[in-house]
Amino acid sequence: MTGRRIRRFVGGTAIVAIAILTGVGIRQTSRPAPSSAHVLARRCRGVMGTSCLLVAIAEDRESGEQALREAEAALRHVEALMSTWLDDSEISRLNRAAAGTEVALSGETAEVLGAARKAARDSEGAFDVTCRPLADVWRRAGTRGVRPSEAELDEARASCSWDHIELTDSGAVKHSDDARVDLGGVAKGYGIDAAVRVLAAADVLGGLIDVGGDLRCFGTDPDGGRWRVEIKDPFGGGPLAHLRVGDAAVCTSGNYARFVEIEGRRYSHIIDPRSGRPAGAVASATVVAPHAMTADIWATALSVLANRGLGMLPAGVDALLVLGSADDFRIVCTQGLQSMIEEPLPAGLLVVGGREPVTEAGPMEDGG
Ligand code: ADP
Ligand code: MG
């Protein structure tokens, strides 16, 4: 059966939806939500360049609402430290700094940079926050509508390396003026984890932090069961699948959401640091992990690595990839993730692998 035919069954688009929005939920008799519990929701805009939804299931309304306000503040705090869109963030200061000048960093920013450096090793270079110079080249190319020259790409590639950035006890030092980092593929996850810590400390029965479709939930959902999370169909329409998760983060990346268009062709905002070109074969990569930072990192990494990356996933991390284009696509997922899918996907469309790389559904095209 081809992907196109199967789309009739799976259809549609929608970002992550949860039980509270869809009104659908599976009850768990072992953990009923007390009838006195309040379902509190807070929406905010302009957080990390997107909108967010914060939910708390709380026995006490006032302390639950206070916890939601503090959780939003935690997200905004991470953004203020790490966004490259804000000139006075720590990361913007590091990016502007001259080689040899140590830039003082908060423990939070240092922690994210340390995790990002480790992820670069674990993903064999596919996840690399130092590839900002390459991303800038492609962004500029998108603005002028002409592909970058090989010379431009070579020059940018030479600036992208952890060899140019040293993490010190109190901050970081660049060893090249041109080195720049971009935490766009990891800071959102870190922020979600920080916000979840705030909610969990407030003693709520359950909670969910969703920032632009990346989310982490814990405890009971509004119906007293596990949370229901929707995976979006990257080609438009409705949901691709629904997952049931307990305490977990679910993050999705891919070339469908953000891209630049050059000479009539779309290029992903995710760069393959090894080729210096936008990643191409993965329409969407959804990762389920205990922490949102891990899920965020690996969703971006798998957007570069495609199914080859499934074999690199850390223990306890699962993934589902949609490979190819709307006319010809495959879904590949780990066994762990398959067990979370609520309604089985049509056989023939879904290739399930263990932690080994799955070879039957290779990338459809490269990003060049
Ligand atoms: P989104 O922000 O749309 O949820 P991601 O989490 O995948 O998507 O993050 C994409 C962002 O990560 C890019 O906009 C860029 O800032 C940064 N980025 C791009 N390519 C890479 C890469 N190979 N490794 C690490 N970060 C990357
Ligand atoms: Mg990411």
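**Exercise 1. Describe how confident the predictor is along the chain, and find where its confidence is low.**

Begin with the whole chain: in this predicted model, the mean pLDDT is 87, and 85% of the residues reach 70 or more. Next, look for stretches with low values, among them residues 1-30, over which pLDDT stays under 50. Residues 357-368 also stay under 50. Finally, see what the model places around these stretches: residues 1-30 have 80 contacts beyond four places in sequence, while for residues 357-368 the model has 38 such contacts.

**Exercise 2. Locate ligand 1 and describe the residues that surround it.**

Start with the site itself, where ligand 1 sits in the largest pocket. Then turn to the shell around ligand 1, which has 17 residues, with D128, D182, S253, I271 and T300 coming nearest. Sorting this shell by class gives 6 nonpolar, 5 polar and 6 charged residues.

**Exercise 3. Identify polar partners of ligand 1 and state how much of the ligand the protein buries.**

Take the nitrogen side first: a nitrogen atom of ligand 1 lies 2.8 Å from a polar backbone atom of I271. Continue with oxygen, where the side chain of H269 has an N or O atom 3.2 Å from an oxygen atom of ligand 1. In the side chain of T300, an N or O atom is 2.7 Å from an oxygen atom of the ligand. As a last step, consider the surface of ligand 1, which exposes 570 Å² when taken alone, and of which the protein buries 93%.

Methods. Residues numbered from 1 in each chain as written. Chains lettered and ligands numbered in written order. Heavy atoms only, no water. pLDDT = per-residue confidence, 0-100. Contact = heavy atoms within 4.5 Å. Near = heavy atom within 4 Å. Polar contact = N/O pair within 3.5 Å; in protein donor to acceptor, adjacent residues only side chain to side chain. Areas by Shrake-Rupley, 256 points an atom, 1.4 Å probe, with all protein chains shown as cover. 1 Å grid on protein atoms, 1.4 Å probe; cavity = no way out; pocket = protein on both sides within 12 Å on 5 of 7 lines; lining within 4 Å. Sits in = over half its atoms within 2 Å of the grid points. Nonpolar A, V, L, I, M, F, W, Y, C, P; charged D, E, K, R; others polar.
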